[in-house]
Amino acid sequence: MDKFRMIFQFFQSNQESFMNGICGIMALASTQMYSAFDFNCPCLPHYNLAYGLGILLVPPFILFLLGFVLNNNISMLAEEWRRPQGQRGKDPAVLRYMFCSMAQRAMIAPAVWVSVTLLDGKCITCAFCTSVPVETLGNASHPRLSQGEIQRVLARIPCKEIYNGQQLIANEVAVRYLRCISQALGWCFVLLMTTLAFLVRLLRPCFSQAAFLKSRYWSHYIDIERKLFDETCAEHARSFAKVCIQQFFEGMSTDLVSARCHLPRKAPADAEEAAEKLLGITDQGTMNMALKSWHRCKPPLNLHPPALLTGNAWAGEGQPPTHPSAPRRETAAYYSWV
């Protein structure tokens with residue numbers, strides 16, 4: 001249990017670790033889904049290809065979209081992309097980093113599904129059974145069948161219980177031929193994905209490490225800023241609700257006192273503290289205005305803004321501001337006449 005607790009705490013340490021854990025769980029879920037999936041090829045010439053390629057490609061597409069849905073950064077990316085310019089500019093490099101980061105994580109589960117499917121070989125066997133070279137592997141001159149009849153016989157290769165073309169081509173030979181091709185494609189796909197990941201990890205620090213660090217930093221900043229803003233809004237809503245409820249009960253107690261129902265009154269100890277957390281925003285309209293202002297014109301990322309400029313000159317006397325000089329030390333000298 002301690003190991004699982006440590007792993008869970010690591011996943012909760014930051015956003016990237018959490019999403020890596022989610023992607024790992026999705027990759028394991030994709031393998032379990034494929035192992036539990038009951039594959040039934042239709043064994044019909046015009047449906048085998050659609051069914052086999054559909055099982056190979058449609059679930060990875062769904063898993064890819066699901067990876068984006070489970071990623072919390074997708075809403076943050078859309079919000080940052082669609083928000084007005086305001087007082088803070090939008091950095092396209094940060095948006096590209098966020099999208100690429102989400103796409104890389106969302107691709108893990110689909111890549112696992114495609115790899116497992118190709119290595120298993122059922123989809124390729126079902127999809128391309130009608131393309132088996134009968135002239136090479138079978139006896140094409142034995143039966144006098146038309147091309148359509150040959151296609152119908154070959155379409156039953158994945159269905160061993162109804163296959164009736166042993167004299168044309170042995171079922172075991174055709175299945176082994178297609179499965180070997182599928183496994184070769186699967187290992188090539190795994191090798192390609194591994195090589196691409198290796199090249200990305202290896203070559204990225206050689207070209208744009210500084211730009212990558214900046215994009216990663218500001219991506220983390222946007223995530224942390226959003227979380228802190230949500231926490232601040234939740235704290236303000238809690239204080240606002242507390243003050244509203246206290247005012248309601250104080251009004252009710254006043255009405256009861258005026259009706260000659262003497263009740264003990266005691267001021268709540270945290271009333272002033274809750275009022276201080278409101279920060280002067282004490283009505284719904286002002287709060288809505290603050291939320292709209294945060295969305296439309298976020299404050300600039302400059303904790304120490306320089307002096308304001310008017311046109312081409314500095315504000316004030318037309319001269320650039322000078323740094324405040326250090327306080328002058330005054331020394332008193334005492335002379336004695338002897």
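## A helix and its cap

A polar contact is a pair of N or O atoms within 3.5 Å. One such pair sits at the start of helix H13 in this predicted model. Aspartate 283 caps the N-terminal end of H13. Its side-chain oxygen lies 3.3 Å from the backbone nitrogen of glycine 285.

Helix H13 covers residues 284-296, 13 residues in total. From first C-alpha to last, H13 reaches 18 Å. That is close to the 18 Å expected at 1.5 Å a residue.

## The largest pocket

Rolling a probe the size of a water molecule over the atoms shows where empty space is left. The largest pocket holds about 940 Å³ of space. It is lined by 25 residues. Closest to its centre are Gln104, Arg105, Val200, Arg201 and Arg204.

The lining of this pocket is made up of 13 nonpolar, six polar and six charged residues. Five helices each supply at least two of them: H2 (15-36), H5 (92-106), H6 (108-120), H10 (171-207) and H11 (209-258). Two domains contribute as well. Domain 1 (20-207) and domain 2 (209-257) each give at least three residues to the lining.

## Salt bridges

How many salt bridges does the structure hold? There are six. One of them pairs glutamate 79 with arginine 226. Their closest N and O atoms are 4.0 Å apart. Glutamate 79 lies in helix H4 (residues 73-82) and arginine 226 in helix H11, so this pair ties together parts that are 147 residues apart in sequence.

How values were computed. Residues are numbered from 1 along each chain as its sequence is written. This is a predicted model: local features need pLDDT of at least 70, side-chain atom pairs count only at pLDDT 80 or more; totals for chains, interfaces and linings use all residues. Side-chain values use heavy atoms; hydrogens and water are left out. On a 1 Å grid over the protein atoms alone, a cavity is a set of points where a 1.4 Å probe fits but cannot get out, and a pocket is an open set with protein on both sides within 12 Å along at least five of seven lines; lining residues have an atom within 4 Å of a point. Grid points are joined across faces, edges and corners, and a volume is the space filled by probe spheres set on the points. Helices (H or I, at least four residues) and strands (E, at least two) are DSSP runs, numbered from the N terminus. Ala, Val, Leu, Ile, Met, Phe, Trp, Tyr, Cys and Pro count as nonpolar, Asp, Glu, Lys and Arg as charged, and the others, Gly among them, as polar. Domain bounds come from an automatic or database domain assignment. The expected span of a helix is 1.5 Å times one less than its number of residues. A polar contact is a pair of N or O atoms within 3.5 Å; within protein, one must be able to donate a hydrogen and the other to accept it, and residues adjacent in sequence count only if both atoms are side-chain atoms. A salt bridge is a side-chain nitrogen of Lys or Arg within 4 Å of a carboxyl oxygen of Asp or Glu.
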